[in-house]
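Okay, everyone can see the screen, I hope. I'd like to talk about the empty spaces in this one, and then about a helix that keeps turning up around them. Here it is.

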Amino acid sequence: MSYIPLDERSVAPFLATVPAVALRLGGAPEGWQVREVGDGNLNLVFLVSGPDGGVAAKQALPYVRLVGESWPLPLSRAYYERLALADEALHAPARVPALVHHDDGMALTVMDLLAPHRTLRGALVEGERYPLMAGHLAEFLADTLFFTSDMAVPVAEKKARIAAYLGNTAMCRITEDLIFDEPFFDAPMNHHTPGLADIVAAFRADVPLRLAAQGMKARFLAAPEALLHGDLHTGSVMVTADDTKVIDAEFAFYGPIGFDVGMILANLWMGYLAQPGQRPHAAIDPWLLDQAEALWEGFAERFAGHWRALSPEGDHGSLHALALTDAALREAAIEERLAAIWQDALGFAGCEMIRRIVGLAHIADFETIVDEGRRADCERRALLIARALLVERAAFPDVGAVTDALRLEAVAA
Ligand code: SR1
Ligand code: MG
């Protein structure tokens with residue numbers, strides 16, 4: 001099928017021609033309920049329900065939705081998203097939506113309707129709490145990252161998997177520009193809350209900060225450690241009280257493990273730091289700090305557990321070979337690897353926090369704070385912590401050290 005962008009009127013007749021979808025929905029397309037709900041920066045998302053069930057149909061647009069047709073973007077991102085969804089489903093099937101249908105020509109991916117799920121970001125902005133979320137995300141990260149890494153995958157197969165994602169260059173380029181470069185100079189689409197002009201100017205002149213951000217960019221460009229989701233912020237997570245699903249893997253590629261880990265931690269930390277602006281008269285709730293700790297610790301424990309559980313006879317990755325017959329050496333290797341991932345995660349988290357405040361793509365956590373003065377206060381606190389995460393990484397040997405720094409900042413408000 002060649003590409004035609006769908007709309008709320010054309011999506012039902014189109015999906016009715018796909019037997020797997022028509023069967024899932026039941027009844028006649030004239031009776032299906034359709035809503036376009038895409039609130040991300042790039043795509044169309046249609047929720048379609050019939051008498052027997054529902055689907056979510058995601059279609060890529062040939063340009064960046066947030067900006068418009070002046071910023072073209074290849075439809076091939078839908079192909080990479082489907083590829084990643086399949087790979088993620090191999091390792092963490094409970095944590096991703098099931099694929100119902102995919103059409104490369106239409107850049108269209110049809111998945112299970114996630115209901116009554118909502119985005120984690122929207123839920124956090126409203127002060128909702130999901131006690132299973134951190135554990136589920138730790139599981140997703142450990143399972144997808146470990147089992148696509150050089151610990152688990154034989155080296156020839158690993159290189160073939162890296163190659164399978166190499167063409168997703170336009171999506172990687174967005175990250176390279178928007179996260180590592182543009183926040184640190186006067187890029188045309190940057191914007192920020194008015195009260196931040198002084199710190200924005202200071203960051204642009206801050207040589208250690210800019211060098212640290214470039215260092216993270218170098219890691220992002222040249223460290224194909226594992227299959228990354230590539231855009232794991234709280235808008236890419238759907239939650240209910242019992243379930244957590246990770247969606248939107250269109251930025252997937254083989255990159256540094258700490259990138260996915262750092263991005264989600266940064267978004268939890270920003271959710272925490274937005275509280276004094278969102279609910280100025282309420283006591284600060286430490287729940288998100290606890291969740292960030294639980295996520296990192298759950299990830300590290302599960303990642304290590306996967307490593308220990310590899311059988312000596314199996315054909316695993318080349319980084320596993322070192323410790324095949326020496327359990328003490330294996331423990332040292334695990335500790336060293338997790339420490340390196342943690343250091344990367346800190347740097348990537350710092351970059352993510354800065355770009356969400358001074359770059360192009362902001363987040364609802366801060367943007368929904370109507371009072372500009374309060375918003376600037378929350379954002380300034382986040383910027384200062386983010387700078388420390390990037391430039392003074394040694395001051396944060398573990399997640400508790402970040403919690404302490406964030407909590408002090410919040411009390412000081
Ligand atoms: C132009 S796209 C801006 C951002 O939206 C996506 O969700 C990614 O986070 C990207 O950086
Ligand atoms: Mg997205």
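Let's start with the enclosed space: the largest cavity comes out at about 50 Å³. Before I go on, keep in mind that this is a predicted model. If you search the whole structure for cavities of 30 Å³ or more, you find one.

So who sits around that cavity? The lining is Asn43, Lys58, Gln59, Ala60, Ala78, Glu81, Ala107, Thr109 and Glu250. In terms of elements, β3, residues 54–60, and α3, residues 77–91, each put in at least two of those residues. The largest share is from β3, with three residues. And chemically the lining splits evenly: three nonpolar, three polar and three charged.

Now to the open spaces. The largest pocket has a volume of about 1,100 Å³. It has 48 lining residues, and the ones closest to the centre are Asp39, Gly40, Asn41, Gly235 and Asp248. Quite a list of elements gives two or more residues to that lining: β2 (43–49), β3, β7 (108–112), β8 (118–119), α4 (120–125), α7 (169–181), α13 (327–358) and α14 (364–367). If you noticed β3 in there, yes, that is the strand with the largest share of the cavity lining.

Which helix gives the largest share of the lining here? That's α7, with four residues. By type, the lining of the largest pocket has 23 nonpolar residues, 13 polar and twelve charged. Both domains take part as well: domain 1, 26–112, and domain 2, 118–412, each contribute at least three residues to this lining.

On to the second largest pocket, with about 200 Å³ of space. Thirteen residues would be a lot to read out, so here are the ones of those 13 closest to its centre: Leu166, Cys172, Leu221, Phe253 and Tyr254. The elements supplying at least two lining residues each are α6 (155–165), α7, α9 (207–221) and β12 (253–255). And there's α7 again, giving the most, three residues. The make-up of this lining is eleven nonpolar, one polar and one charged.

So let's look at α7 itself. It's mostly covered, with ten of its 13 residues buried. Those are Met171, Cys172, Ile174, Thr175, Glu176, Asp177, Leu178, Ile179, Phe180 and Asp181. Cys172, you'll remember, is one of the residues closest to the centre of the second largest pocket. As for what does the covering, it includes β5 (68–72), α3, α9, β12, α10 (257–273) and α13.

I'll finish on one residue of that helix, Asp181, which lies in α7. Why does Asp181 count as buried? Because its relative accessibility is 19%, and the cut-off for buried is under 20%. What does its side chain pair with? There's a polar contact of 2.6 Å between the side chains of Asp181 and Lys217. Leaving out residues up to four places away in sequence, Asp181 touches Glu176, Gln214 and Lys217. Glu176 is on the buried list for α7 too.

To wrap up on α7: the helix gives the largest share of the lining of the largest pocket, gives the most to the second largest pocket, and is mostly covered itself. That's what I had, thanks.

Terms used: Residues numbered from 1 in each chain as written. Chains lettered and ligands numbered in written order. Predicted model: local features only at pLDDT ≥ 70, side-chain atom pairs only at ≥ 80, totals over all residues. Heavy atoms only, no water. 1 Å grid on protein atoms, 1.4 Å probe; cavity = no way out; pocket = protein on both sides within 12 Å on 5 of 7 lines; lining within 4 Å. Points joined across faces, edges and corners; volume = space filled by probe spheres on them. Nonpolar A, V, L, I, M, F, W, Y, C, P; charged D, E, K, R; others polar. Domains from an automatic or database assignment. Buried < 20%, exposed > 50% of the residue type's maximum accessible area, 1.4 Å probe, protein only. Polar contact = N/O pair within 3.5 Å; in protein donor to acceptor, adjacent residues only side chain to side chain. Contact = heavy atoms within 4.5 Å.
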